[in-house]
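Here's a quick tour for anyone about to load these coordinates. Have the viewer open and follow along.

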Amino acid sequence: MEYISPEGLRLDGRRANEIRRVQAVVGMFPHADGSSYFQQGDTKVVAIVNGPKQPISSFENLGDTCSYLCFLLVTVQQQKKSTELGSKIASTFESAVMNELYPHSQIDISVQVLQADGGVLAVAINAVTLAIIDAGIAIKDFVCAATASVIDSAFVLVSNQLDINHQESLAQGPELTLAILPTSSTIVMNELKLRVHSDLYPELQELAIAGGITLHKLLKDAVVSRTKAMLPALGPSST
C-alpha cells in the first residue's frame, strides 16, 4: 500500500507534518473535580480527575509524596494494554504536577477510550492535561503529547509522519510518542515502539516535539474557552 501520494499527501489528505483535526471540551462533568473530552481524528477520549484528596488506606504511608492512581476503561481489543497505559499516564503527571503542594495526597485519574484510531496514549495524555487544569491542580506547564512515525515502503524511507492513525500504524514503522512541557520543550514521557536507526531518531523526535507545540495552542484555547464560559457565574467583579 502507498501511504504517501506523488503529491506528498497521506491517505487522509494530510501532509506529513500535519496533526489530525482536534476537538476539545473542558469541564464536561460538573460532579468531578476536573474533566475533559478530547478527540483527535477518530480517537476519542474522556478524562476525569478527582483530588487532591486524603489517600486511601493502602497509600497512608506515603510520607510527603503525592500518589497517582490512573484507571483506564478501554475497548476489549485494548484491554491487555490498559495497565501499561495507566502506568505511563500516572508517571507522566508525577513529573508535571507540583507535587510539593500536595503532601499526603492522592489524585485519581480516570480515562475512558471511547474510540481508538491510533495515537491513544498521546490523546489520553492531552485529555488528562485538560482535566488536571480543570480540577485546579497546580501544574508546571501544559503536558502535550504527540506521536511520530517512520513509514517504510519496499525498504525505501517514504516519510516521517506526525500523528498517525490506525491505518498508517499497519505499516508497522517505528512509532515515537513524546509528552513535553512546551514552554521549555522538556520531555516528560518517551515511548518508542520498534527500533529506529540512530540517524533517523533526531528528526523523529523533532517532529514529535513540533506536534506537541502545535497541540499546546489548541489545548490552551480550550482552557481559555472554558474560563470565559465560567466568568458570568462568578459575578461582575470577575469581568
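What follows covers confidence, helix packing, a salt bridge and two backbone oddities.

## How far to trust it

Keep in mind that this is a predicted model. The protein chain averages a pLDDT of 86, and 86% of its residues reach 70 or more.

The part to watch is residues 153-158, where pLDDT stays under 50. The model still gives this stretch eight contacts beyond four places in sequence. Where pLDDT is low, though, predicted coordinates shouldn't be read in detail.

## Helix 1 against helix 2

Start with helix 1 (residues 82-94) and helix 2 (residues 120-134): their axes come within 11 Å and cross at roughly 45°. The two helices are therefore oblique to each other, and their crossing is right-handed.

On the helix 1 side, the contact uses Leu85, Lys88, Ile89, Thr92 and Phe93. Facing them from helix 2 are Val120, Leu121, Ala124, Ile125, Val128, Thr129 and Ile132. Sorted by class, that contact has nine nonpolar residues, two polar ones and one charged.

## Helix 2 against helix 4

Helix 2 also packs on helix 4 (residues 201-234), this time at an angle of about 35° with the axes 11 Å apart. The crossing of helix 2 and helix 4 is right-handed.

Here helix 2 brings in Asn126, Leu130, Ile133 and Asp134. They meet Leu215, Leu219, Ala222, Val223 and Arg226 of helix 4. The class split for this contact is six nonpolar, one polar and two charged.

## A long-distance salt bridge

The structure holds nine salt bridges. One of the pairs is Arg14 with Glu168, whose side chains meet at 3.7 Å, N to O. This pair ties together distant parts of the chain, with the two positions 154 residues apart in numbering. Arg14 sits in the segment before strand 1 (22-26), while Glu168 belongs to helix 3 (residues 166-169).

## Two backbone oddities

As background, most peptide bonds are trans, and most residues other than glycine have a negative phi. Two spots here go the other way.

Going from Gly51 to Pro52, the peptide bond is cis, with omega near 0°. Pro52 is part of strand 3 (residues 43-53).

Then there's Asp163, which isn't a glycine but has a positive phi of about 60°. You'll find Asp163 in the loop between strand 7 (156-162) and helix 3.

How values were computed
Residues are numbered from 1 along each chain as its sequence is written. This is a predicted model: local features need pLDDT of at least 70, side-chain atom pairs count only at pLDDT 80 or more; totals for chains, interfaces and linings use all residues. Side-chain values use heavy atoms; hydrogens and water are left out. Axes are lines fitted to C-alpha atoms, for helices over the stretch in contact, and angles run from 0 to 180 degrees between N-to-C directions. Helices (H or I, at least four residues) and strands (E, at least two) are DSSP runs, numbered from the N terminus. Angles under 35 degrees count as roughly parallel, over 145 as roughly antiparallel, 65 to 115 as roughly perpendicular and the rest as oblique. A crossing is left-handed if the near helix is turned anticlockwise from the far one by less than a right angle, and right-handed if clockwise. Contact means heavy atoms within 4.5 Å. Ala, Val, Leu, Ile, Met, Phe, Trp, Tyr, Cys and Pro count as nonpolar, Asp, Glu, Lys and Arg as charged, and the others, Gly among them, as polar. pLDDT is the predictor's confidence in each residue, from 0 to 100. A salt bridge is a side-chain nitrogen of Lys or Arg within 4 Å of a carboxyl oxygen of Asp or Glu.
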